[in-house]
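The following paragraphs lead through a protein model, beginning with a contact in its interior and ending with its charged pairs. Please keep the sequence and the coordinates at hand while reading.

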Amino acid sequence: MLLRRHVASLGKACLVAQKNELLDRRRKLEARISAYERQVSVIIKLDDDVQWSMQDGKIPAIDAQAEEASDDLLDLYPDEWFTPERERITLPSALAPGEINRLSLKPLAMIEFELRKGQVTDALEGLRLALGEKSLRFRTEVRNANSQRTKHRAWDNVHKFDVDARRYRSTYRQARGALQRLSTDPEYMATLHDITDSDLKMAGDLTDERRVGQRSDTLPWFWRFGDTGDSGGPRMQECTYSDCPCACPTNTPSVYRVSWLRAKARFCRWSEELTLVGYEMQWTVNWFRWRENQWRQRLKDLDDEERPPGMDSYCHKQVALWGSLADITQDRFSTHLGHPLFS
């Protein structure tokens, strides 16, 4: 896979030094494949009727444009260049359905299944670390860049971790495809899902916890996959002590735990805001009642002999105005709340 990506990165314009380096890498890879085939031929006995899987050797994670560039490069040198990175390797997962049972390769298939499971775990762990670093670089470097030079350098770091994330996704897809062809543990396979381009986007909670519109935000499934408590990355080792006060299990990835804590804090903040809005509704109605009682008291404080008719009418108007505002507001607030405003 690494050599396929290297070939794809060369494109059509290939220097002589790059051609020689590629030729040397292909010779080394061919030597390793030949040594492996000699050793595995003693363990896996294949006959002339063996059938191979049509899906074997296809790597869907390599970009289509890069694959076309690789084909263009091969068309320029069809006779001189050999492609060991495209060769099929003898593995149980490379056989067609039913061939494992026919050739009695079930024990070897179980061994490959366990190795592929470890490959999936390592690929997802690397993917989580790459996405976490990508989000961190975006928040700490891109947003704090104050010049064109520093911004370009910051984006280069972000793109570097994005390339790493896609490389780990490519490894995961290849291992998942091999596990699907082995068909050994359907329950385990049900936990493995495809990783799309949208899953590789930076989570908003990681880049800016203060942004709005996070009601429906969720982290992709692979943040909750497996036991990531024994992570090798230093940034994934946060908040993993046994007396962790958070309600989620201690084997939950710290990035997902931080997202959960932020969601919980947001929920508590809006719950408090909802309670305060209820009190503000009551305070509004009480203020209207207070204004109504204030004008009633002014009517009582004036003597009948000294109060002119115009003032008397104005005071009654104010009493009716504030009283109607209080009644209307209380009815509307009670309708929106679904229960009486004052219990």
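Residues up to four places away in sequence being left aside, L124 touches Y172, I195, W221, F222 and F225. The model in which these contacts are found is a predicted one.

L124 also has a place in a wider nonpolar assembly. Together with V120, L124 has the most contacts inside the largest nonpolar core, a set of 30 residues. Helices α5, α6 and α7 are the elements that give two or more residues to this core. Of these, α5 gives the most, namely 8 residues. A second core, separate from that one, has 7 residues, and F288, W295, C315 and A326 are among them. In general, nonpolar side chains of soluble globular proteins tend to be buried together.

C315 leads to the matter of the cysteines. The relative accessibility of C315 is 3%, which lies under the 20% limit, and C315 therefore counts as buried. C268, by contrast, counts as partly exposed, at 37%. How many disulfides does the structure hold? The number is 0.

Not every nonpolar side chain is withdrawn from the surface. L276, Y279 and W283 make a nonpolar surface patch of about 330 Å². One of these residues, L276, is found in helix α9, which spans residues 254-301. With a relative accessibility of 34%, L276 counts as partly exposed.

The charged side chains form the next topic. In total, the structure holds 15 salt bridges. Three of the pairs are described here, starting with one inside helix α2.

D24 and K28 form a salt bridge in which the closest N and O atoms are 3.5 Å apart. Why can these two side chains be paired within one helix? Both residues belong to α2 (residues 16-43), and because they are 4 residues apart there, about one helical turn separates them. As for solvent, D24 is partly exposed, its relative accessible area being 37%. K28 counts as exposed, with a relative accessibility of 53%.

E112 and R116 also meet through their side chains in a salt bridge, with an N to O distance of 3.3 Å. Helix α5 (residues 106-142) holds both residues, and they are 4 residues apart, about one turn of the helix. Are these partners buried or exposed? E112 counts as buried at 7% relative accessibility, and R116 counts as buried at 13%.

The third pair links separate parts of the chain. R169 and D197 meet in a salt bridge with an N to O distance of 2.8 Å. R169 lies in helix α6 (residues 148-182), whereas D197 lies in the loop between α7 (186-190) and α8 (204-207), so the pair ties together parts that are 28 residues apart in sequence. R169 is buried, with a relative accessible area of 5%, while D197 counts as partly exposed at 46%. Which residues are joined with this pair into one network? Salt bridges that share partners join K134, D162 and R166 with R169 and D197.

Taken together, the interior and the charged pairs meet in the same helices: α5 gives the most residues to the largest core, and E112 and R116 both lie in α5. Likewise, α6 gives two or more residues to that core, and R169 lies in α6.

Note on methods: Residues numbered from 1 in each chain as written. Predicted model: local features only at pLDDT ≥ 70, side-chain atom pairs only at ≥ 80, totals over all residues. Heavy atoms only, no water. Salt bridge = Lys/Arg side-chain N within 4 Å of Asp/Glu carboxyl O. Buried < 20%, exposed > 50% of the residue type's maximum accessible area, 1.4 Å probe, protein only. Disulfide = S-S within 2.5 Å. Patch = residues over 30% accessible without salt bridge, like charges linked within 9 Å, V, L, I, M, F, W, Y side chains within 5 Å. Areas by Shrake-Rupley, 256 points an atom, 1.4 Å probe, with all protein chains shown as cover. Core = buried A, V, L, I, M, F, W, Y, C linked by side-chain atoms within 4.5 Å. Contact = heavy atoms within 4.5 Å.
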